[in-house]
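Visitor: I'd love a close look at a single part of this model, with its strands taken one by one. Could you also show me how the surroundings fit around it?

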Amino acid sequence: MTHYSAFSLFKQALGGNKGWSRAWRDATPKPSYDVIIIGGGGHGLATAYYLAKNHGITNVAVIEKGYIGGGNTGRNTTIVRSNYMIDGNTNFYEHSLKLWEGMSRDLNFNVMYSPRGQINLAHSPAQMDAAARRGNIMRMNGIDAELLSREDLKKRIPILDYSDTARFPIMGGLWQSRAGTARHDAVAWGYARGASDRGVDIIQGCEVTGYLWDRGRIVGVETTRGEIKAKKVGMAVAGHTSHMARKAGLTLPIETHILQAFVTEAIKPVIDCVVSFGAVHFYISQSDKGGLVMGGDLDGHNSYGQRGDLPIVEEGMAAAKALVPLVSRLQLVRHWAGVMDMSMDGSPIMCKSPVEGLYINGGWCYGGFKATPASGWCYAHTIANDAPHKLNEKFTLDRFRRGYQLDEKGMGPTPWAH
Amino acid sequence: MLRIACPYCGERDYIEFLYAGDAAREMPALSDTDIDRWTDFVFFRDDPKGEHAEYWQHQHGCRQWLKVIRDTVTHRVISVTPAIEAGLQADEDKVEVA
């Protein structure tokens, strides 16, 4: 593997860029591994990377039915932040943000983490109170948060609608300056390269079709490229967690839903941070290429379809127009949908499964991308030690039975409303 | 656009309907105190990739509750029946009120 540096760039340029090696090995499956991770998205690759780096477990395979970066990792709106307030979520997402801050250096791969800041807008006195409360909880946990007034926002983000006729007047908002965006594909590629370099086999185009059993214990997987044995099998297949769990005889507190995202034509820079609307579910940022990247609500009915319907396009664009009036002059050039594991309390599940030998990492709802590094970090710990890391000890499956749901939004078990 | 053929009003866009989720679950009797059966009912879902039984209410039409079988991959609606005919009985489990 070529170490990426200014020097290597210069050297390869002199050689006509013909000397670059593959970023990761295209491995063929071995008969057995210590750990198999199902799913070569960001979470699965990060898990393999930290299994090797933090725990010295390198006899690992990541098995991906498609190609690296072709699933939800490449279908999100690339936002990273840590403005959570429920104990169990707060420090997990803050650890994740800290890992984002050092990721490019750690992986020797530019993931284009851009701490451009994120604002959650407030449109009523009650929302300002809620923002202040959230900000206080964050600050007491050592996380940066700043309550901004309408006047602050007018100076900082002039493009929003501050007029008297605004449908939802902006009163202020909660600002996190270390939040921002990262290049989603680069995260998958960076972790794949780092894991492969430490001995992990990354096997693409190989679908797991079932599990291998021995006396009630899972001892490997059946795939489209044959049987592969493993001491431990971890799933990291958010969007298909229910589907893969069912093959192991498990039912989960998860429904699968589709979430759409939208990109406009490229324009000059107008929004230099991430803005979340407080009146309806909608958020917007601008990519480095210039397109406005937007997202909002789920389509709202169970689906594995990876494509969205038109009413949500209309709803999203109405929200965009209400918040940033200039979008009415822009063309939408792309919209797509990703498949979400919507858990019953809006928080993830990461633990040993009730089946010996199988581990679950799913239920990320819309929040999986920002969680990528901490998810890998904690899942690797859980698999290596057969016990959760302190940061994911509340993401258990039995919290629903025990009444310890982590319901950040207070919605109850209506997963399409989280 | 996903379209649902309401047995009372005819085929309409899905935005006229309120989605109310999985219709395959069975609510335990209100007198049942078993925590596992209630946990299963409240939180756990089969979440099939394929045919899914679900409730929709024709909120902007006849306001009737419907049981719809729909494919969660193709979004094809396979059948629509009035929930009352499909066996949804709110008053089946009578509770003694002191």
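Guide: Happy to help; what follows starts at one strand of chain A, then moves outward to a cavity, the cores, a few single residues and a sheet in chain B. Please keep in mind that this is a predicted model.

Let's begin with strand β14 of chain A, which spans residues 282-286 and is mostly covered, with five of its five residues buried. Phe282(A), Ile284(A) and Gln286(A) point one way from β14(A), while Tyr283(A) and Ser285(A) point the other way. This fits a familiar pattern: in a regular strand the side chains alternate between the two faces of the sheet. Both sets are buried here, the polar-named Gln286(A) and Ser285(A) included.

Now for the neighbours of β14(A). Strand β13 of chain A, residues 274-277, pairs with β14(A) in the antiparallel sense over three bridges. Within that pairing, Ser276(A) has Tyr283(A) as its bridge partner, and the hairpin that joins β13(A) to β14(A) runs through four residues. Strand β15(A) also pairs with β14(A), again in the antiparallel sense, over four bridges. There, Ile284(A) stands opposite Met294(A). The hairpin of β14(A) and β15(A) has four residues between the strands, and Gly290(A) takes a positive phi near 110° in it.

This brings us to the cavity. The count comes to one cavity of 30 Å³ or more, and the largest cavity has a volume of about 60 Å³. Phe282(A), which we met in β14(A), is one of its lining residues, together with Val280(A), His281(A), Gly295(A), Gly296(A), Asp297(A), Ile312(A), Glu315(A), Gly316(A) and Ala319(A). Two elements of chain A give two or more residues to this lining: β15 (291-302) and α8 (310-323). Helix α8(A) supplies the largest share, four residues.

Next, the nonpolar cores. The largest has 49 residues, and Phe92(A), Trp100(A) and Tyr191(A) have the most contacts inside it. The elements of chain A that give two or more residues to this core are β1 (32-38), α2 (42-55), β2 (60-63), α3 (90-107), α6 (184-197) and α9 (368-385). Leaving aside residues up to four places away in sequence, Phe92(A) touches Met350(A), Trp364(A), Ala371(A), Ala374(A), Ser375(A), Cys378(A), Leu391(A) and Phe395(A). A second, separate core of 33 residues includes Tyr33(A), Ile38(A), Ile218(A) and Met235(A). As background, nonpolar side chains tend to be buried together in soluble globular proteins.

A few single residues deserve a stop as well. Ile143(A) lies in the loop between α4 (125-140) and β5 (146-149) of chain A, and its relative accessible area is 2%, so Ile143(A) is buried. Its contacts, not counting residues up to four places away in sequence, are Ser82(A), Thr90(A), Glu94(A), Met138(A), Gln176(A) and Arg178(A). Ile143(A) and Val274(A) are 131 residues apart in sequence and 18 Å apart in space, C-alpha to C-alpha.

Gln12(A) sits in helix α1 of chain A, residues 6-14. Gln12(A) counts as buried because its relative accessibility is 11%, under the 20% cut-off. Beyond residues up to four places away in sequence, Gln12(A) touches Thr2(A), Asn17(A), Lys18(A), Gly19(A) and Trp20(A).

Two loop residues other than glycine have a positive phi. Thr78(A) has a phi near 65° and is found between β2 and β3 (79-80) of chain A; Thr78(A) is buried, with a relative accessible area of 17%. Arg215(A) has a phi near 50° and is found between β9 (208-214) and β10 (217-223) of chain A. Arg215(A), in contrast, is exposed, at 79% relative accessible area.

Finally, over to chain B. An open sheet of four strands there has the order β3-β4-β5-β6, with antiparallel pairing. Strands β3 (18-22) and β6 (77-82) of chain B stand at the edges, each with a single partner strand, so one side of each lacks a neighbour in the sheet. From one strand to the next, the twist averages 25°. Three bridges join β3(B) to β4 (residues 51-57) of chain B, with Leu18(B) opposite Gln57(B).

Methods
Residues are numbered from 1 along each chain as its sequence is written. Chains are lettered from A and ligands numbered from 1 in the order in which they are written. This is a predicted model: local features need pLDDT of at least 70, side-chain atom pairs count only at pLDDT 80 or more; totals for chains, interfaces and linings use all residues. Side-chain values use heavy atoms; hydrogens and water are left out. Two strands pair if DSSP finds at least two bridges between them. Axes are lines fitted to C-alpha atoms, for helices over the stretch in contact, and angles run from 0 to 180 degrees between N-to-C directions. A nonpolar core is a set of buried Ala, Val, Leu, Ile, Met, Phe, Trp, Tyr and Cys residues joined through side-chain atoms within 4.5 Å. Buried means under 20% relative accessible area, exposed over 50%, partly exposed in between (1.4 Å probe, protein chains only). Contact means heavy atoms within 4.5 Å. On a 1 Å grid over the protein atoms alone, a cavity is a set of points where a 1.4 Å probe fits but cannot get out, and a pocket is an open set with protein on both sides within 12 Å along at least five of seven lines; lining residues have an atom within 4 Å of a point. Grid points are joined across faces, edges and corners, and a volume is the space filled by probe spheres set on the points.
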